[in-house]
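Visitor: I have a chain open and I'd like a quick walk through it. Can you take my questions as they come?

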Amino acid sequence: MNLPNTKTSVSALGALITAVIATLGLATNVHAQQSFSATVDGTPWESDNAGINVIPVPLGGTVTITASTKGFSAYPPPKGFADNFSITCPLPKKPERMTTARGSSEVCRVKFTKAARNIMSPDVAKTKNEGLFVTAGGAGDKGYVNFTKVAGKNIEGEFSVELTEETTKQKIAVTGKFAGVDRQVGSKGFN
């Protein structure tokens with residue numbers, strides 16, 4: 001009678017269980033819910049899970065969080081154009097508050113592009129954005145990005161800034177909150 005090698009079977013079963021646990025852990029992180037909401041000049045604005053990207057760059061020492069208007073990550077995207085947010089800050093290793101004022105060692109930049117062009121549109125080259133609002137960072141700038149959670153691949157925070165449109169110089173007040181996950185394969189996250 002031929003009996004299976006018990007030692008080999010147990011070893012194979014252990015490897016299979018380890019692979020399943022690792023896959024479940026990865027799947028949980030990849031599908032973690034993200035959120036990004038803001039009030040832009042008194043108007044509510046929101047993104048959705050698929051419209052948010054968190055990209056830490058350890059070599060450059062920065063993190064960029066981007067978000068597009070809710071629903072525009074679907075295929076096919078809705079007609080029209082998505083608004084976009086971009087927050088770029090020095091890479092936080094722990095919860096901390098950073099300013100948008102130039103001259104500080106921890107300077108964040110916030111951009112809001114109103115009615116951004118849709119790269120899927122055949123008229124993308126002919127379509128202009130309605131406005132590109134950026135943090136000016138001048139004297140008296142009280143804007144900030146406050147990272148309230150920085151753990152592993154997860155980051156959360158809030159921000160409050162005054163943005164200036166590059167061409168018209170129109171100023172708008174923006175406040176918001178975000179929760180995101182670094183979904184880059186091979187990234188070590190924030191700490």
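Guide: What follows is a short tour of this predicted model, taken topic by topic.

Visitor: Start broad. How many helices and strands does the chain have?
Guide: The chain has 1 helix and 11 strands. The order from the N terminus is α-β-β-β-β-β-β-β-β-β-β-β.

Visitor: What share of the residues is buried?
Guide: The chain has 191 residues, and 38% of them count as buried. The exposed surface comes to about 11500 Å². Carbon and sulfur atoms supply 58% of that area.

Visitor: And contacts? What share comes from residues 24 or more positions apart?
Guide: That share is 56%, taken over contacts with a separation of 6 or more.

Visitor: Now strand 1. Which side chains point to which face?
Guide: Strand 1 covers residues 35–40, and its side chains alternate. F36, A38 and V40 point to one face and are buried. S35, S37 and T39 point to the other face and are not buried. In a regular strand, that alternation between the two faces of the sheet is the rule.

Visitor: Which way does strand 1 run against strand 11?
Guide: They run antiparallel, joined by 6 bridges. Strand 11 spans residues 171–181. Its G176 stands opposite A38.

Visitor: What about strand 2?
Guide: Strand 2 also pairs with strand 1 in the antiparallel sense, over 4 bridges. V40 has T43 of strand 2 as its bridge partner. The two strands form a hairpin with 2 residues between them.

Visitor: What is the phi of D41 in that turn?
Guide: It is positive, about 50 degrees. D41 is not a glycine. Most residues other than glycine have a negative phi.

Visitor: Is D41 buried or exposed?
Guide: Neither label fits, because its relative accessibility is 47%, which counts as partly exposed.

Visitor: Where else is there a positive phi in a residue other than glycine?
Guide: K169 has one, with phi near 65 degrees. K169 is in the loop between strand 10 (154–165) and strand 11. At 55% relative accessibility, K169 counts as exposed.

Visitor: Any odd peptide bonds? Which residues does a cis peptide bond join?
Guide: Y75 and P76, with omega about -5 degrees. P76 lies in the loop between strand 4 (62–68) and strand 5. Most peptide bonds are trans.

Visitor: Switching to pockets. What is the volume of the second largest pocket?
Guide: The volume is about 190 Å³. The lining is V40, D41, T43, P44, W45, D83, F112, K114, E130, F133, Q170 and I172. Strand 2 (43–46) and strand 7 (109–114) are the elements that give two or more residues to it.

Visitor: Which element gives the most?
Guide: Strand 2, with 3 residues. D41 from the hairpin turn belongs to the lining as well.

Visitor: How do the lining residues divide by type?
Guide: They divide into 6 nonpolar, 2 polar and 4 charged.

Visitor: Let's look at single residues. Where does D48 lie?
Guide: D48 is in the loop between strand 2 and strand 3 (52–57).

Visitor: Why does D48 count as buried?
Guide: Because its relative accessible area is 19%, and buried means under 20%.

Visitor: What is D48 in contact with?
Guide: Setting aside neighbours within four places in sequence, D48 is in contact with S68, K70, G71 and S73. A67 is 19 residues from D48 in sequence, and their C-alpha atoms are 8.0 Å apart.

Visitor: And S86?
Guide: S86 lies in strand 5 (residues 84–90). It counts as buried, at 16% relative accessibility. Not counting residues up to four places away, S86 touches T64, I65, T66, R109, V110 and K111. S86 and R109 are 23 residues apart along the chain, with 8.0 Å between their C-alpha atoms.

Visitor: Last one. Where is T135, and what does it touch?
Guide: T135 is in strand 8 (residues 131–135). Beyond residues up to four places away, T135 touches T100, R102, C108, R109, V110, V161, E162 and L163.

Visitor: Is T135 buried or exposed?
Guide: T135 counts as buried, because its relative accessibility is 11%.

Notes. Residues are numbered from 1 along each chain as its sequence is written. This is a predicted model: local features need pLDDT of at least 70, side-chain atom pairs count only at pLDDT 80 or more; totals for chains, interfaces and linings use all residues. Side-chain values use heavy atoms; hydrogens and water are left out. On a 1 Å grid over the protein atoms alone, a cavity is a set of points where a 1.4 Å probe fits but cannot get out, and a pocket is an open set with protein on both sides within 12 Å along at least five of seven lines; lining residues have an atom within 4 Å of a point. Grid points are joined across faces, edges and corners, and a volume is the space filled by probe spheres set on the points. Ala, Val, Leu, Ile, Met, Phe, Trp, Tyr, Cys and Pro count as nonpolar, Asp, Glu, Lys and Arg as charged, and the others, Gly among them, as polar. Buried means under 20% relative accessible area, exposed over 50%, partly exposed in between (1.4 Å probe, protein chains only). Contact means heavy atoms within 4.5 Å. Accessible areas come from the Shrake-Rupley method with a 1.4 Å probe; for residues, only the protein chains shown count as cover. Two strands pair if DSSP finds at least two bridges between them.
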